[in-house]
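Got a few minutes to poke around a structure together? Here it is.

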Amino acid sequence: MIEYYTLMHKGGQEEYRDNIYLNFSKALTMLILYSSKDESFDDVKNKKVNALIGSCSELDIETLIQKLEKEVGSNNQYLLIRIDDSHIYVKRNGSVFAKFVKKGELFNLSNGYHSLEDGDQICCGTNEFFKNLTDTAVLVDAMSSISSEEWMDFMCSRISDVNQFDEENISAVTMIVRED
């Protein structure tokens, strides 16, 4: 089971421009599109990506990536992850990152497959989310939290202390792998 918590905040901007898509079927599939509501990413593309992620459970990861890149284009920044029982697959393009806490250590997840175990924690977010958080802060907050929501709350408190959420859009998802 994957416990998760999502943050989507418009910051000091007039509108929220990022997108987070989730699909909970055979595996958890999550996509964060960074600043995807700019002029090059219209409602039609948004609906197509939403439909793709919504129906992706039957697609192998390589086919999903090909279809996603066709819809999103090479200029948009994104993070795609797929989590099954024991692995996470990561595909990122641009300034969207995944940080991984495993056995008390913090790693940046690179593209490709990584193993998962009970208690592993994952924080995915845009550059705007991570820019006011040190790796040490992300790790301390992960180790101090009992849920994905609490972990997000701790990190949001740190961000708010710096800028009161008055800058760019902020998008993030925290996840904890639970055996039960």
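Q: This is a predicted model, so let's begin with charge pairs: what does Lys-102 meet in a salt bridge, and where does that partner sit?
A: The side chain of Lys-102 pairs with that of Glu-117, at 3.9 Å from N to O. Lys-102 belongs to strand β6, and the two residues are 15 apart in the chain. Glu-117 itself sits in the loop between β8 (112-115) and β9.

Q: Is Lys-102 buried or exposed?
A: The cut-off for buried is under 20% relative accessible area. Lys-102 comes in at 15%, so this lysine counts as buried.

Q: Which residues share the salt-bridge network with Lys-102?
A: Glu-117, the partner from above, is partly exposed at 35% relative accessibility. Bridges with shared partners join Lys-102 into one network with Lys-103, Glu-117 and Asp-120.

Q: Which parts of the chain does the bridge between Lys-99 and Asp-135 tie together?
A: The closest N and O atoms of Lys-99 and Asp-135 are 2.8 Å apart. The two residues are 36 apart in sequence, so the bridge ties together strand β6 and helix α4 (residues 135-144).

Q: Turning to the nonpolar side, which strand gives the largest share of the largest core?
A: That core has 20 residues, and Met-30, Ile-81, Ile-122, Cys-124 and Met-175 have the most contacts inside it. Among the elements giving two or more residues are β4 (77-83), β9 (121-126) and β10 (170-177). The largest share, four residues, comes from β3.

Key. Residues are numbered from 1 along each chain as its sequence is written. This is a predicted model: local features need pLDDT of at least 70, side-chain atom pairs count only at pLDDT 80 or more; totals for chains, interfaces and linings use all residues. Side-chain values use heavy atoms; hydrogens and water are left out. A nonpolar core is a set of buried Ala, Val, Leu, Ile, Met, Phe, Trp, Tyr and Cys residues joined through side-chain atoms within 4.5 Å. Buried means under 20% relative accessible area, exposed over 50%, partly exposed in between (1.4 Å probe, protein chains only). A salt bridge is a side-chain nitrogen of Lys or Arg within 4 Å of a carboxyl oxygen of Asp or Glu.
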